[in-house]
Amino acid sequence: MDLNISYKIVELSQMSEADQALVKSAEASLMYVHAPYSKFSVGSAVRDVSGKVTTGSNQENAAYPSGLCAERVAVFAAKSQSKVDLDTIVVLAKNEKGQLADAFSCGNCRQVMMEYASVQKGPIKIIMQRKEGDFVMLDDVRFLLPFSFASDSLK
């Protein structure tokens with residue numbers, strides 16, 4: 001993998017109409033958050049290459065390892081319903097006061113997204129909201145985990 005990791009900071013208005021719609025889908029998924037412990041709400045939306053959108057929200061549990069982050073909920077739901085490659089993932093978050101928060105994926109989510117990207121034909125773009133209200137956009141989720149362990153590592 002080329003380690004010249006590049007990203008862009010973009011405003012919502014600078015995104016394509018399709019990406020803006022995906023952000024709106026991720027925002028809508030916030031109404032389904034179950035975060036009674038952290039009070040940190042995360043919404044995600046995944047678009048596959050056919051254009052189908054699947055959403056997810058973080059789902060906490062009193063037995064902490066049993067919960068799931070929004071990204072994994074959305075990605076697992078999309079991939080459990082279709083073998084179609086993923087195109088773009090959006091992640092956004094609000095803190096317990098309802099204010100915008102940085103929505104940078106955790107290591108577990110990065111590993112999961114990287115796994116799917118490594119076995120499909122093209123990259124998966126990721127768009128992560130910043131607390132300032134703009135977004136970090138990377139053309140490939142694999143840039144989030146450049147020294148990764150993937151299926152190729154098992155050979």
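Start by selecting S29 in this predicted model: leaving out residues up to four places away in sequence, S29 touches G43, S44, T55, G56 and S57. The residue itself sits in helix α1, and with a relative accessible area of 2% it is buried.

**From S29 to T54**

Keep S44 on display, since it leads to the next stop, T54, whose contacts beyond four places in sequence are S44, A45, V46, A74, A77 and A78. T54 belongs to strand β3, which covers residues 53-57. Is T54 buried or exposed? Its relative accessible area is 9%, and T54 is therefore classed as buried, the cut-off for that class being under 20%.

**Across to V75**

Now add V75, a residue of helix α2, and draw a distance between its C-alpha atom and that of T54: the two are 21 residues apart along the chain, and the separation is 7.7 Å. V75 has a relative accessible area of 0% and is buried. When neighbours within four places in sequence are set aside, V75 is in contact with V46, L86, I89, V112, M113 and Y116. V46 is worth keeping selected, as it also appears among the contacts of T54.

**The packing of α2 and α3**

Widen the selection to helix α2, residues 70-81, and helix α3, residues 107-119. Two packed helices are described by the angle between their axes and the distance between the axes. Here the angle is about 25° and the axes are 9 Å apart; because angles under 35 degrees count as roughly parallel, α2 and α3 are placed in that class. The crossing in which α2 passes α3 is left-handed.

To see which residues make the contact, select E71, R72, V75, F76 and K79 on α2, together with N108, C109, V112, M113 and Y116 on α3. Colouring this selection by class gives six nonpolar residues, one polar residue and three charged residues. V112, M113 and Y116 of this set were already met as contacts of V75.

**An aromatic pair between two loops**

Which residues should be selected for the aromatic pair? The count of such pairs comes to one, and it is formed by Y37 and Y64. A pair of aromatic rings is described by the distance of the centres and the angle of the planes. For Y37 and Y64 the centres are 5.7 Å apart and the planes stand at 75°, an edge-to-face arrangement.

The pair links distant parts of the chain, 27 residues apart: Y37 is in the loop between α1 (17-29) and β2 (41-48), whereas Y64 is in the loop between β3 and α2. Switching on a surface helps to compare the two partners, for Y37 is partly exposed with a relative accessible area of 39%, while Y64, at 58%, counts as exposed.

Stay in the loop between α1 and β2 and select K39, which is found there. Most residues other than glycine have a negative phi. The phi of K39 is near 60°, a positive value in a residue other than glycine, and at 41% relative accessibility K39 counts as partly exposed.

**The loop between β1 and α1**

Move next to M15, in the loop between β1 and α1. M15 counts as buried, at 7% relative accessibility, and it touches V10, Q20, V23, I127, F135 and M137, not counting residues up to four places away in sequence. For M137, a distance between C-alpha atoms is also worth drawing: M15 and M137 are 122 residues apart in sequence and 9.7 Å apart in space.

Q14 is found in the loop between β1 (7-10) and α1, but Q14 is exposed, with a relative accessible area of 55%. The C-alpha atom of Q14 is separated by 10.0 Å from that of D134, which lies 120 residues away along the chain.

**After β7**

The last stop is D139, in the segment after β7 (135-138). What does D139 contact once its neighbours within four places in sequence are left aside? The partners are K8, P123, I124 and K125. D139 is partly exposed, with a relative accessible area of 42%. Finish by drawing the C-alpha to C-alpha distance from D139 to I5, which is 9.4 Å for two residues 134 apart in sequence.

How values were computed
Residues are numbered from 1 along each chain as its sequence is written. This is a predicted model: local features need pLDDT of at least 70, side-chain atom pairs count only at pLDDT 80 or more; totals for chains, interfaces and linings use all residues. Side-chain values use heavy atoms; hydrogens and water are left out. Axes are lines fitted to C-alpha atoms, for helices over the stretch in contact, and angles run from 0 to 180 degrees between N-to-C directions. Helices (H or I, at least four residues) and strands (E, at least two) are DSSP runs, numbered from the N terminus. Angles under 35 degrees count as roughly parallel, over 145 as roughly antiparallel, 65 to 115 as roughly perpendicular and the rest as oblique. A crossing is left-handed if the near helix is turned anticlockwise from the far one by less than a right angle, and right-handed if clockwise. Contact means heavy atoms within 4.5 Å. Ala, Val, Leu, Ile, Met, Phe, Trp, Tyr, Cys and Pro count as nonpolar, Asp, Glu, Lys and Arg as charged, and the others, Gly among them, as polar. Buried means under 20% relative accessible area, exposed over 50%, partly exposed in between (1.4 Å probe, protein chains only). Rings of Phe, Tyr and Trp (its six-membered ring) pair if their centres lie within 6.5 Å; planes under 30 degrees apart count as stacked, over 60 as edge-to-face and the rest as tilted.
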